[in-house]
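Here's a quick briefing to read alongside the model. Have the viewer open while you go through it.

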Amino acid sequence: MIWLTWRQFRAAGAMTAAALAALAVVLVVTGPGLADDYSTGIAACTAQGGDCSNFVDRFFRDHRNTGLAVTSVVLVLPALIGIFWGAPLIARELDAGTHRLVWNQSVTRTRWLAVKLGLVGLAAVAVVGLGSLGVEWWSDPIDKAAVAAQNVSRIEPPLFGARGIAPMGYAAFAFALGVTLGMLLRRTIPAMALTLAIFVGLQVAIAELVRPHLITPTRATVEITPSNVDEFIFLGGPDGPLQVGAQAAEQGAWVLSGHTVDASGRAVETITGQRSLSPTSGACAPPEEPPAQQAEGPGEDLAPCLAELKRLGYRQRVTYQPASHFWPLQWRETAIYTALAIALSGFCFWWLRRRVS
Amino acid sequence: MTSVVSAQGLGKRYGSRWALSDCTLDVPAGRVVGLVGPNAAGKTTLLNLAVGLLAPTTGTIEVLGGRPATGPEQLAKVGFVAQDTPTYESLSVEDHLRLGAHLNPGWDDALARDRIQRLGLDLAQRAGKLSGGQRAQLALTLGVAKRPQVLILDEPVASLDPLARREFLQDLMEAVAEHELSVVLSSHLVSDLERVCDHLIVLVASRVQLAGDIDTLLATHRRLTGARRDPGTLPADQHVIAASHTDRQTTVLVRTEAPIHDPAWSVGDLGMEDLVLAYMREDTRDRDNRPALEVLR
């Protein structure tokens, strides 16, 4: 049975191995240079006084797109495995009628399914595990720059699913999903399409609805300062309401929600009716002369206004997953996907014995 | 003698439609059994039940004394060539032989390779490129080289041209003689089975209409021709299977153990095809008021 599984899987496996090898070559060739550039740049700016923000900004801007492209490989790989390894695994046999040939050799269907699921499923997890490991190693400098330059969180949807161990959980699940749908639909192409639809839907749903609550998020009320303000808009001209926002105090946190609260601790959508915050005069009016350069950072010329805001008691209440929750969240999310994969596999065995012929 | 296939009250329902109902059968070992019936009569259902591809809705079926497909030992005893003789399109003939060798402890590799060579199949050829007849031969090779005690074939020649049919059946018979196999073979054409079978099961509209050794069946059925009369006046031991009348003449087909003495009849023998067709027609005429025949021994 192992031989047959290997023989049937050989072509698809070889193709994937070739693609993975090509990726590995690209990563190995370009990775050390990238890491070198980053560490040299950091060393240089540290030697010149320690402010590396210009360097990381530039580094992140330069490598952002390649970084996204390489990371997206890990993001789409589980779906591809579900579609091209999972869905046809049984559907193709049922479609072509070859199950009637193979189930009448001296091997029970249960063993047949166990070997197929086990070997190809293991290969799926291994391929995605290796791929994501390589990509994570390669992207390390870009990830660091992203956190430093843009305060990007590794727990946020695009990055979280391409780092750590979660991709392996996705791969196991996508594969089991493909196999199950292939068995139920008995036709390869519809099974592939439905696998993609359900997998993507579930990925989005879990990232948006489940992951934020896997661990109780941290709540904090922070002062709005020039260094953390990320939104400052007067709506509707002079005396109009003011909308402000601020980031979490910690770097790399995934902010789930943020509200401005007034002195009494009540959440407000916008700040209205405060004369001292008028955009035309006082602390919040634009400076007489435009600043010579922007180097001070975007929030710097808001400093007097934000100080006035603080005096009036306005603060920002944020709910977020701190960067330190990355690994606990990874383990939990991987566990969820693995449990789903096991449940689907169990269903496959049950269905195969009861229903399929 | 042990039974190859024994079924009690076997039935299979798909939704509200019974594909096979109330099937009670006892097929003795060492026979080449022909399972014949029109399309959609339930032949494939019965054979799939026998190899465990389907589970019965009612009743039980045993093959060589065991429940179908319950374990490797049971699977090893039963060879199956499924309808349309499926093979793996992308695998070569050689791969199929290796598949057989890997999946069957009793695999007779010399036998398989000898057959493939004798049939003139190219080992490197992909199964998807084989002709229908060659594919059927490959599937049969897999079934035979597994060295089962019983070989079950579902319409193996349905898609073959007359010459390939003849070759396939001839080859099958050689394998049967050589390896002392019991065989169950289905077809919707009596002529396919006539040459090779010694036991017959007629399945019509999901029910077994007739089953028995062909010699016995032919010996107990007679065609009577005579002046026009009511078939109801025949002796009680002569069961009328079919009757037809012209203005002056009546022809009846009867089943009887006893010789026919009535001088008014001219008595004729039946061919297998006539016999099968009579039972198929009999079924469509008055299935409601005539119970299916008991198994004949």
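In strand S3 of chain B, Val32(B), Gly34(B) and Val36(B) point one way, Val33(B) and Leu35(B) point the other way, and all of them are buried. Keep in mind that this is a predicted model. With 5 of its 5 residues (32-36) buried, S3(B) is largely enclosed by the rest of the structure, because "buried" here takes 20 or more other C-beta atoms within 10 Å of a residue's own. The bullets start from that strand and work outwards to the domains and the chain contact.

**Around S3 of chain B**

- On one pairing, S3(B) runs parallel to strand S7 (residues 182-187) of chain B, and 5 bridges join them.
- Two bridge partners help you place that pairing: Val32(B) goes with Val183(B) in S7(B), and Val36(B) goes with Ser187(B) in S7(B).
- S3(B) also pairs with strand S8 (residues 199-204) of chain B, again in the parallel sense, over 4 bridges.
- For a landmark on the S8(B) pairing, look for Val33(B), which stands opposite His199(B).

**The six-stranded sheet of chain B**

- These pairings belong to an open sheet of 6 strands in chain B, ordered S5-S6-S7-S3-S8-S9, with mixed pairing.
- Strand S5 (78-81) and S9 of chain B are the edge strands, each pairing on one side only.
- Ignoring direction, neighbouring strands in this sheet are turned by 15 degrees against each other on average.
- Helix H1 (residues 43-50) of chain B lies across S3, strand S6 (150-153), S7 and S8 of chain B, and runs at about 150 degrees to S7(B).

**The three-stranded sheet of chain B**

- Chain B also has an open sheet of 3 strands, in the order S2-S1-S4, and its pairing is antiparallel.
- Its edges are strand S2 (17-28) and strand S4 (58-63) of chain B, and each of these pairs on one side only.
- The average turn between neighbouring strands in this sheet is 20 degrees, direction ignored.
- Strand S1 (residues 3-14) of chain B pairs with S2(B) in the antiparallel sense over 8 bridges.
- If you want a spot to find in the viewer, Ser3(B) sits opposite Pro28(B) in S2(B).

**Domains of chain B**

- The domain assignment splits chain B into domain 1 (3-213) and domain 2 (220-286).
- Their C-alpha centres lie 34 Å apart.
- Where they touch, 10 residues of domain 1 of chain B are in contact with 6 residues of domain 2 of chain B.
- On the domain 1 side, helix H7 (190-194), S8 and strand S9 (207-213) of chain B each give two or more residues.
- H7(B) gives the most to that side, with 3 residues.
- By class, the domain 1 side of this contact in chain B divides into 7 nonpolar, 2 polar and 1 charged.

**Domains of chain A**

- Chain A is assigned domain 1 (2-215 + 326-354) and domain 2 (218-287 + 299-323).
- The C-alpha centres of these two chain A domains are 40 Å apart.
- In chain A, 10 residues of domain 1 are in contact with 8 residues of domain 2.
- The domain 1 side of that chain A contact has 6 nonpolar, 2 polar and 2 charged residues.

**Where chain A meets chain B**

- The contact between the chains takes 16 residues from chain A and 26 residues from chain B.
- Helix H1 (2-47) and helix H3 (99-102) of chain A each supply at least two residues of the chain A side.
- H1(A) contributes the largest share of the chain A side, 3 residues.
- That chain A side breaks down into 7 nonpolar, 7 polar and 2 charged residues.
- Across the chains, the axes of H1(A) and helix H3 (residues 93-103) of chain B come within 8 Å and cross at roughly 150 degrees.
- Angles over 145 degrees count as roughly antiparallel, so that's the label for H1(A) and H3(B).
- This helix contact is made by Trp3(A), Leu4(A) and Arg7(A) of H1(A), with Asp95(B), Arg98(B), Leu99(B), His102(B) and Leu103(B) from H3(B).
- The H1(A) and H3(B) contact comes out at 4 nonpolar, 1 polar and 3 charged residues.

Key. Residues are numbered from 1 along each chain as its sequence is written. Chains are lettered from A and ligands numbered from 1 in the order in which they are written. This is a predicted model: local features need pLDDT of at least 70, side-chain atom pairs count only at pLDDT 80 or more; totals for chains, interfaces and linings use all residues. Two strands pair if DSSP finds at least two bridges between them. Axes are lines fitted to C-alpha atoms, for helices over the stretch in contact, and angles run from 0 to 180 degrees between N-to-C directions. Two residues are in contact if their C-beta atoms, placed from the backbone, lie within 7 Å. Ala, Val, Leu, Ile, Met, Phe, Trp, Tyr, Cys and Pro count as nonpolar, Asp, Glu, Lys and Arg as charged, and the others, Gly among them, as polar. Domain bounds come from an automatic or database domain assignment. A residue is buried if 20 or more other C-beta atoms lie within 10 Å of its own, exposed if 12 or fewer, and partly exposed in between; C-beta atoms are placed from the backbone. Angles under 35 degrees count as roughly parallel, over 145 as roughly antiparallel, 65 to 115 as roughly perpendicular and the rest as oblique.
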